[in-house]
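Colleague: I would like a close look at a single part of this model, followed outward into whatever surrounds it. Please take the strand pairing as the way in, and then go on to the packing.

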Amino acid sequence: MENCVVREIKDFNRLVGLFLLASSMKDENAKNYSIEKMQKRWHNYKLFTVLEYNNAPVSFSGVYDYGNNLVRVCDRHFTNPDYRQKSMTKNVKERLRPVVDWFLPYQTKWAKENGYDCFFSIQTPKKRNAIKRVVRLLDDDLGYKVLPGLYATCNPKSDLCWQNIAATTDKINLPYKSIN
């Protein structure tokens, strides 16, 4: 989409309004965008980006440092519901694909240029086909492939932390378990 631009944001305060919007949604992940939680994570972001369409912010996500030269791209991704595509709905203002068309390419290229290996994740084993579909839509030059099994992207005691991962490397230094 020609009226889109990815902007790098370094000042947390410029994002407060977007975090408030995201945390106010009736969504299972809304709690992840609270000002307090995002402030606690902020120091681990290597890069944070906002996708603007016609000069208005519609989506955001970051590049989060997991240590050992590994980053998660599209971390804490959020897209304004007005711009989300859900099945056959016709109520979407514009058919944007922030992750596939903008954030993954932009953040991955940035990370690789800065010497990082990358991964992105999608929650729960039942969404495995979704991550495979995303990888198929990406430019092969980005180098992503879906890894077998699940990886704990946060506390391994929480079921929601065990996620499907697509990565630019096979060497993911996170707790692993196979899918039954």
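Which residue stands opposite S121 in strand 8?

Modeller: Before anything else, please keep in mind that this is a predicted model. The residue that stands opposite S121 is I165, in strand 8. The pairing to which strand 5 and strand 8 belong is antiparallel and runs over five bridges.

Strand 8 has further partners. With strand 6, residues 145-146, strand 8 pairs in the antiparallel sense over two bridges, and there K145 has A167 as its bridge partner. Strand 7, residues 150-152, is likewise joined to strand 8 by two bridges, the two running antiparallel, with W162 as the bridge partner of A152.

As for burial, six of the six residues of strand 8, which spans residues 162-167, are buried, so the strand is largely enclosed by the rest of the structure. In a regular strand the side chains alternate between the two faces of the sheet. Here both faces are covered, since W162, N164 and A166 are buried on one side, while Q163, I165 and A167 are buried on the other.

From strand 5 the path leads into the packing. Strand 5, residues 117-123, is one of the elements that supply at least two residues each to the largest nonpolar core. That core has 30 residues, and the members that touch the most other members are L51, V73, L104, F120, L138 and Y144. Besides strand 5, the elements supplying at least two residues each include strand 1 (4-8), strand 2 (45-53), strand 3 (56-65), strand 4 (70-79), helix 3 (98-113) and helix 4 (128-137). Helix 3 provides the largest share, which is six residues.

V73 shows how these parts come together: leaving aside its neighbours within four places in sequence, V73 is in contact with G62, V63, L104, Q107, T108, C118, F119, F120 and Y144. Apart from this core lies another, of 16 residues, among them W42, V50, F60 and F78.

One of the contacts of V73 deserves its own description, namely Q107. Q107 has its place in helix 3, and, at 0% relative accessibility, Q107 counts as buried. Not counting residues up to four places away in sequence, Q107 touches L47, T49, S61, G62, V63, V73 and C74.

Two of those contacts, T49 and S61, also face one another in a strand pair, for S61 in strand 3 is the bridge partner of T49. Strand 2 and strand 3 run antiparallel and are joined by eight bridges; in their hairpin, which has two residues between the strands, N54 takes a positive phi near 50°. On to strand 4, five bridges join strand 3 to it in an antiparallel arrangement, with T79 as the bridge partner of S59. This hairpin has four residues between its strands, and G67 in the turn has a positive phi of about 80°. Seven of the ten residues of strand 3 are buried, so strand 3 is largely enclosed by the rest of the structure.

F119, another contact of V73, brings us back to strand 5 and to the aromatic residues. F119 counts as buried, at 0% relative accessibility. A search of the whole structure finds 17 aromatic pairs, and one of them is Y66 with F119, edge-to-face, at 5.1 Å centre to centre and with 70° between the planes. Y66 lies in the loop between strand 3 and strand 4, whereas F119 is in strand 5, so this pair ties together parts that are 53 residues apart in sequence. W42 and F48, by contrast, form a tilted pair, with 5.4 Å centre to centre and 45° between the planes, and both residues are buried. One aromatic cluster takes in F12, F19, Y33, W42, Y45, F48, F60, Y64, Y66, F78 and F119. Over the ring of Y64 sits the charged end of R41, 3.9 Å from the ring centre.

F19, another member of that cluster, leads to helix 1, residues 16-23, whose buried residues are L18, F19 and A22. Seen down the axis of helix 1, these buried residues fall within an arc of 100°, so they line one face of the helix. They pack against helix 2 (35-42), strand 2, strand 3 and strand 4.

Key: Residues numbered from 1 in each chain as written. Heavy atoms only, no water. Core = buried A, V, L, I, M, F, W, Y, C linked by side-chain atoms within 4.5 Å. Buried < 20%, exposed > 50% of the residue type's maximum accessible area, 1.4 Å probe, protein only. Contact = heavy atoms within 4.5 Å. Phe/Tyr/Trp six-rings, centres within 6.5 Å; stacked < 30°, edge-to-face > 60°. Lys NZ or Arg CZ within 6 Å of the ring centre and 35° of its normal. Pairing = 2+ DSSP bridges. Arc of directions from axis to C-beta.
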